[in-house]
Amino acid sequence: MPEKTEKNLAYAFAAESKASVRNETFAKKAEMEGYPQIAHLFRAISEAESVHARRYLLLMRGKIGPTEENLETAFQNEIKANVEEYPKLIKDASNEGKEGVLKAFSQSRDVESVHAGLYKKAMNDMLTDRETEYYVCQVCGYVSENEAPDNCPVCRAVKGKFLLVV
Ligand SMILES: [Fe+2]
Ligand SMILES: [Fe+2]
């Protein structure tokens with residue numbers, strides 16, 4: 001892959017990923033403000049930007065491998081976020097006295113190690129076809145297996161804040 005093309009794909013992947021999440025967040029906001037049709041539009045465009053992002057990622061070299069390898073990559077990324085990346089962000093938020101941001105980063109750091117654990121588990125029983133359901137806390141991203149807890153163990157959010165992933 002020529003150098004510029006590789007770089008441009010990486011750039012476009014990051015930009016489209018961000019646009020997707022931004023539109024999804026606009027959709028949630030529109031919903032709260034009582035504009036369901038606008039929310040619907042934002043969600044549709046968010047999905048479209050995800051289509052772009054996935055397409056670029058698939059075109060980049062060495063980003064998507066066989067599932068066994070992807071599980072390992074995903075696991076390593078969670079560990080890195082937990083032990084290297086978030087601690088730096090937490091330190092800065094703490095130094096600058098940004099309490100809300102500090103809380104968000106700290107909870108994310110904790111949640112990343114839970115994600116890592118789920119990947120580890122999946123790596124160990126990749127071939128068993130045990131059906132597990134996953135519920136995701138919409139406040140902090142904690143992932144619970146098989147049922148939503150009464151309160152999120154990381155951020156204390158109530159059961160109703162958990163979304164069943166389909
Ligand atoms: Fe994670
Ligand atoms: Fe949570």
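Biologist: Which element gives the most to the lining of the largest pocket?

Modeller: In this predicted model, helix H1 gives the most, with 4 residues. H1 covers residues 3–32, and strand S1 (134–137) also gives two or more residues to the lining.

Biologist: What is the volume of the largest pocket, and which residues are closest to its centre?

Modeller: The volume is about 360 Å³. The lining has 13 residues, and Glu-24, Val-136, Cys-137, Gln-138 and Leu-163 are the closest to the centre. By class, the lining has 7 nonpolar, 4 polar and 2 charged residues.

Biologist: Which protein atoms are the donors of the iron ion (ligand 1)?

Modeller: Glu-78 is listed with two OE donors, Glu-112 with OE and His-115 with ND1; these donors lie 1.9 to 2.6 Å from the iron ion. A donor must be within 2.8 Å of the metal, and the distances given satisfy that cut-off.

Biologist: Why is the site of the iron ion (ligand 1) called irregular?

Modeller: The angles among its 4 donor atoms run from 55 to 136°. A tetrahedral site needs all angles between 85 and 135 degrees, and a square planar site needs angles between donors that are not opposite to lie between 65 and 115 and opposite donors over 155 degrees apart. The angles fit neither description, so the site is irregular.

Biologist: What separates Glu-112 and His-115 in helix H4?

Modeller: They are 3 residues apart in H4 (residues 99–124), which means a separation of about one helical turn. Along the chain, the donors follow the spacing E-x33-E-x2-H.

Biologist: How do you know whether Glu-112 and His-115 are buried or exposed?

Modeller: Buried means under 20% relative accessible area. Glu-112 has 13% relative accessibility and therefore counts as buried; His-115, at 17%, also counts as buried.

Conventions. Residues numbered from 1 in each chain as written. Chains lettered and ligands numbered in written order. Predicted model: local features only at pLDDT ≥ 70, side-chain atom pairs only at ≥ 80, totals over all residues. Heavy atoms only, no water. 1 Å grid on protein atoms, 1.4 Å probe; cavity = no way out; pocket = protein on both sides within 12 Å on 5 of 7 lines; lining within 4 Å. Points joined across faces, edges and corners; volume = space filled by probe spheres on them. Nonpolar A, V, L, I, M, F, W, Y, C, P; charged D, E, K, R; others polar. Donors = N, O, S within 2.8 Å, 3.2 Å for Na, K, Ca; no water. Tetrahedral: all angles 85-135°; square planar, octahedral: opposite > 155°, others 65-115°. Buried < 20%, exposed > 50% of the residue type's maximum accessible area, 1.4 Å probe, protein only.
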